[in-house]
Structure formats: structure tokens, C-alpha cells
Amino acid sequence: MSEAKSAESRPYHHGDLRRALVDAARRLLEAEGPSALSLRAVAREAGVSPAAPYHHFKDKAELLDAVAQEGWDILSGLMCDAKRGAEGLHQLTALGIAYVCFARDNPALYRVMYDAARDKEMLPAEVQDNKDSAYCMVRDTMIEHGADPTDDIHLELASAAAWCGAHGLAEMAGFKQFDHLKEALGGERQFLEAVLNHMGLFPNPQHHC
């Protein structure tokens with residue numbers, strides 16, 4: 001029996017195929033990197049026919065967009081949990097730490113999220129406009145802790161600064177040159193917290209543009 005026929009003989013329930021394909025793509029991504037992803041490879045990993053992915057994705061780019069959206073959703077959930085577990089201004093630090101840890105634990109997925117956004121020259125609308133998204137969570141938490149919600153320019157700059165700061169820390173936190181700081185401060189989390197606090201990213205209620 002051919003591979004395609006074998007795959008076609010494996011049933012999947014209506015409505016589950018897209019989920020199965022995205023999950024398969026994430027497994028391949030984590031195991032082999034973005035270069036291993038193709039609709040055929042994802043179909044094989046999901047146990048469906050080579051034609052099955054085309055019911056949901058016209059090409060690899062659409063599949064990567066779906067995988068990237070999955071990453072943004074996971075990140076938002078982790079940051080939401082981190083915020084709930086902290087109090088006061090520590091909530092902002094907790095959001096940054098959750099972001100960095102997500103990037104560390106999911107390097108391939110993290111890269112796909114930004115590669116997908118870079119190709120479109122902006123973050124997905126769902127990330128920028130959904131109040132429950134990671135990006136909006138940073139902005140809203142700043143407002144909760146003193147940022148002026150009517151000062152649109154300052155608020156946008158403050159949110160961008162916090163986002164860029166966490167992104168840069170995510171890129172560099174694993175550098176060996178910081179090992180002595182992690183040891184001196186008592187661990188990686190303490191190091192991340194100290195760096196974020198030293199960035200001066202948190203809103204100043206007295207600031208006016």
C-alpha cells in the first residue's frame with residue numbers, strides 16, 4: 001500500500017484536521033527547524049494524505065502564519081498567568097520574564113512568529129488589537145500602574161520600549177558572559193528581573209510628552 005493511501009486510511013474527525021496539521025508543524029519545527037516544514041512533510045507527520053493540508057492552507061506561508069498565531073496565543077496565555085501571579089509593578093517585570101522564558105523554551109517557534117510578522121512589515125492585527133494579546137497586555141498593565149491612557153504617543157513608545165527590551169533580553173540572556181551575574185544574583189530568574197528593572201522601561205506617571 002502506498003504512503004498516500006496509508007495516510008488516507010487514517011481517519012480524522014471533521015474540524016480536527018487544521019488543529020492536527022498545526023500540531024504536526026510545531027513538532028517538525030521543534031525537531032528539525034523551519035527548513036523542514038513543507039505541506040507534504042506536515043501531512044506525513046499528521047498521518048493524512050499529501051492533499052489534505054490544501055483544505056486549509058494554500059501554501060507553506062499560510063501554514064507558517066497559523067503556526068505563528070499559535071505561538072502568539074501561547075505567549076499571551078503565559079504572560080497572563082505571570083501577571084496574575086504578581087502584584088503591583090512586579091506585574092510588569094513578570095510579563096517580561098514570561099516573554100523571555102517563552103523565547104528560551106521555544107526558540108524555533110519564537111523565530112517563526114517574528115519571521116511571519118517581518119514578512120508583513122507589522123505584527124498581526126490580532127496581536128496589536130486584541131485586548132487579551134501579549135502586546136496589549138503590556139500596554140494595559142502600564143496604564144494600570146500609572147501610565148496616562150490619554151497620552152497615546154508616550155504610551156505607544158513605552159509599550160514599544162518594553163517590548164523591544166524584552167526581545168533583546170530574550171536574544172542575549174543565554175550568553176555565557178552573563179553566567180557570573182546569574183550566579184551572583186541567585187539564578188536566571190533573578191538575573192532577568194534585575195536586567196528588566198535596570199532598563200527603566202516602566203511608565204512614569206509624571207511624564208508628559
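**Figure 1. The salt bridge between K83 and E144.** K83 is buried, because its relative accessible area of 15% falls under the 20% limit. This view, like the others, is taken from a predicted model. The side chain of K83 forms a salt bridge with E144, and the closest N and O atoms of the two residues are 3.0 Å apart. K83 belongs to helix α4, while E144 belongs to helix α8, which covers residues 134-144. The pair links distant parts of the chain, with the two positions 61 residues apart in the numbering. A search of the whole structure finds eleven salt bridges, and two further pairs are shown in Figures 2 and 3.

**Figure 2. The salt bridge between E70 and R19, and the network around it.** E70 and R19 form a salt bridge in which the closest N and O atoms are 2.7 Å apart. E70 sits in helix α4 (residues 60-84) and R19 in helix α2 (residues 17-32), so the bridge ties together parts of the chain that are 51 residues apart in sequence. Are the two partners buried or exposed? E70 counts as buried, with a relative accessibility of 15%. R19 is partly exposed, because its relative accessible area is 39%, and partly exposed residues lie between the limits of 20% and 50%. Both residues also belong to a network of salt bridges that links R19, D23, R26, E30 and E70.

**Figure 3. The salt bridge between E188 and R104.** In this pair the closest N and O atoms of E188 and R104 are 2.4 Å apart. E188 lies in helix α11 (residues 188-198) and R104 in helix α5, so the salt bridge ties together parts that are 84 residues apart in sequence. E188 counts as partly exposed, at 27% relative accessibility. R104 also counts as partly exposed, at 42%.

**Figure 4. Packing of helices α4 and α5.** Two packed helices are described by the angle between their axes and by the distance between the axes. For α4 and α5 the angle is about 145° and the axes are 8 Å apart. The crossing of these two helices is right-handed. Which residues of α4 and α5 make the contact? From α4 they are G71, I74, L75, L78, M79, A82 and K83. From α5 they are Q91, A94, L95, A98, Y99 and F102. Sorted by class, the contact has ten nonpolar, two polar and one charged residues. K83, listed here on the α4 side, also forms the salt bridge with E144.

**Figure 5. Packing of helices α5 and α9.** Helix α5 (residues 90-105) packs against helix α9 (residues 152-172) at an angle of about 40°, and their axes are 9 Å apart. The crossing of α5 and α9 is right-handed. On the α5 side the contact is made by Y99, V100 and A103. On the α9 side it is made by W163, A166, H167, L169 and A170. How many residues of each class take part in the contact of α5 with α9? There are seven nonpolar residues, one polar residue and no charged residues. Y99 is listed in the contact of α5 with α9 and also in the contact of α4 with α5.

**Figure 6. N106 in the loop after α5.** N106 is found in the loop between α5 and α6, the second of these helices covering residues 107-120. N106 counts as buried, at 17% relative accessibility. Leaving aside neighbours within four places in sequence, N106 is in contact with R26 and E30. R26 and E30 are also members of the salt-bridge network shown in Figure 2.

**Figure 7. Helix α3 and the residue that follows.** In helix α3 (residues 39-46), the residues L39, A41, V42 and A43 are buried. The buried residues of α3 pack against α2 and α4. Just after α3, G47 takes a positive phi of about 75°.

**Figure 8. The whole chain, for orientation.** The chain has eleven helices and zero strands. Of its 209 residues, 42% are buried. Among contacts between residues at least 6 apart in sequence, 63% join residues at least 24 apart. The accessible surface of the chain comes to about 11700 Å², and carbon and sulfur atoms account for 54% of this area.

Note on methods: Residues numbered from 1 in each chain as written. Predicted model: local features only at pLDDT ≥ 70, side-chain atom pairs only at ≥ 80, totals over all residues. Heavy atoms only, no water. Axes fitted to C-alpha atoms, helices over the stretch in contact; angles between N-to-C directions. Helix = DSSP H or I, 4+ residues; strand = E, 2+ residues; numbered from the N terminus. Left-handed = near helix turned anticlockwise from the far one by under 90°. Contact = heavy atoms within 4.5 Å. Nonpolar A, V, L, I, M, F, W, Y, C, P; charged D, E, K, R; others polar. Salt bridge = Lys/Arg side-chain N within 4 Å of Asp/Glu carboxyl O. Buried < 20%, exposed > 50% of the residue type's maximum accessible area, 1.4 Å probe, protein only. Areas by Shrake-Rupley, 256 points an atom, 1.4 Å probe, with all protein chains shown as cover.
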